[in-house]
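Trainee: Could you take me through how helix packing and residue burial are read from a set of coordinates?

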Amino acid sequence: MIHSTVVNNWLTMAKDDAVEINPDYINHEAMTNMWSFSPTEEETPQIHAADIVEFIGQVIAARRSALKGEDMLFYCWHDAQVRQLRFSLVSRSHGRLPFGREVRETQDLALIVDRVVNGDWHNDDFRQAPSEEGDEQEQAPFIPPVFVVPVP
């Protein structure tokens, strides 16, 4: 059960949205089916990781019900640049996700949810400028995790 009014409102908006199926154009399919969520400063304290896990689970269940007979991939990720939780669907026939960079596919939804809720939305230090005394070593490029599950 989702305890957050904000997350319940997101679910009401997103769960029954129409899904575009276009196996010839992955980017069109991905963009048309994409949803983005981020709370306002006032809403943030009401949001907890368990609510987001439940929210995503209910969206997946709704998509599975609506897309019987279709071979799609539901995927979600934390878009750190805009501080959003995002999800979308693409046809499995593409054989890939529509990212223009390397991503790490995972079946661990908690990894994504913890990153967006606790690592970003509830973290006052998120995206602070690095210290000037910082590490002189070059950091390895970040490869974002993306939760992926087949639908139906």
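The dialogue below turns first to helix packing and then to two individual residues.

Mentor: Please keep in mind throughout that this is a predicted model.

Trainee: How are α1 and α3 oriented relative to each other?

Mentor: In general, angles under 35 degrees count as roughly parallel. Here the axes of α1 and α3 lie 10 Å apart and make an angle of about 15 degrees, and the two helices are therefore roughly parallel to each other. In passing α3, α1 makes a right-handed crossing.

Trainee: Which residues of α1 and α3 meet?

Mentor: On the α1 side they are Val7, Trp10, Leu11 and Ala14, and these meet Asp51, Ile52, Phe55, Gln58, Val59 and Arg63 of α3. Sorted by class, this contact of α1 with α3 comprises seven nonpolar residues, one polar residue and two charged residues.

Trainee: At what angle do α3 and α4 cross?

Mentor: The axes of α3, residues 49–66, and α4, residues 109–121, cross at roughly 135 degrees and come within 9 Å. Angles from 115 to 145 degrees belong to the oblique class, which makes α3 oblique to α4. The crossing in which α3 passes α4 is right-handed. From α3 the contact draws on Ala49, Ile52, Val53 and Ile56, while α4 supplies Leu109, Val113, Val117, Asn118 and Trp121. By class, the contact of α3 with α4 has eight nonpolar residues and one polar residue, with no charged residues.

Trainee: Turning to single residues, is Ser4 buried or exposed?

Mentor: A residue counts as buried when its relative accessible area is under 20%. For Ser4 the value is 2%, so this residue is buried. Ser4 is placed in the segment before α1, the helix that spans 5–14, and its side chain reaches the backbone nitrogen of Val6 at 3.3 Å. Once neighbours within four places in sequence are left aside, Ser4 is in contact with Gln46, Ile47 and Asp51. Asp51 also appears among the α3 residues that meet α1.

Trainee: Where does Asp79 lie, and what does Asp79 touch beyond residues up to four places away in sequence?

Mentor: Asp79 belongs to strand β2, which covers residues 72–79, and with a relative accessible area of 16% it is buried. Beyond residues up to four places away in sequence, Asp79 touches Gln84 and Arg86. As for Val19, which is 60 residues away from Asp79 along the chain, the C-alpha atoms of the two are separated by 21 Å.

Note on methods:
Residues are numbered from 1 along each chain as its sequence is written. This is a predicted model: local features need pLDDT of at least 70, side-chain atom pairs count only at pLDDT 80 or more; totals for chains, interfaces and linings use all residues. Side-chain values use heavy atoms; hydrogens and water are left out. Helices (H or I, at least four residues) and strands (E, at least two) are DSSP runs, numbered from the N terminus. Buried means under 20% relative accessible area, exposed over 50%, partly exposed in between (1.4 Å probe, protein chains only). Contact means heavy atoms within 4.5 Å. Axes are lines fitted to C-alpha atoms, for helices over the stretch in contact, and angles run from 0 to 180 degrees between N-to-C directions. Angles under 35 degrees count as roughly parallel, over 145 as roughly antiparallel, 65 to 115 as roughly perpendicular and the rest as oblique. A crossing is left-handed if the near helix is turned anticlockwise from the far one by less than a right angle, and right-handed if clockwise. Ala, Val, Leu, Ile, Met, Phe, Trp, Tyr, Cys and Pro count as nonpolar, Asp, Glu, Lys and Arg as charged, and the others, Gly among them, as polar. A polar contact is a pair of N or O atoms within 3.5 Å; within protein, one must be able to donate a hydrogen and the other to accept it, and residues adjacent in sequence count only if both atoms are side-chain atoms.
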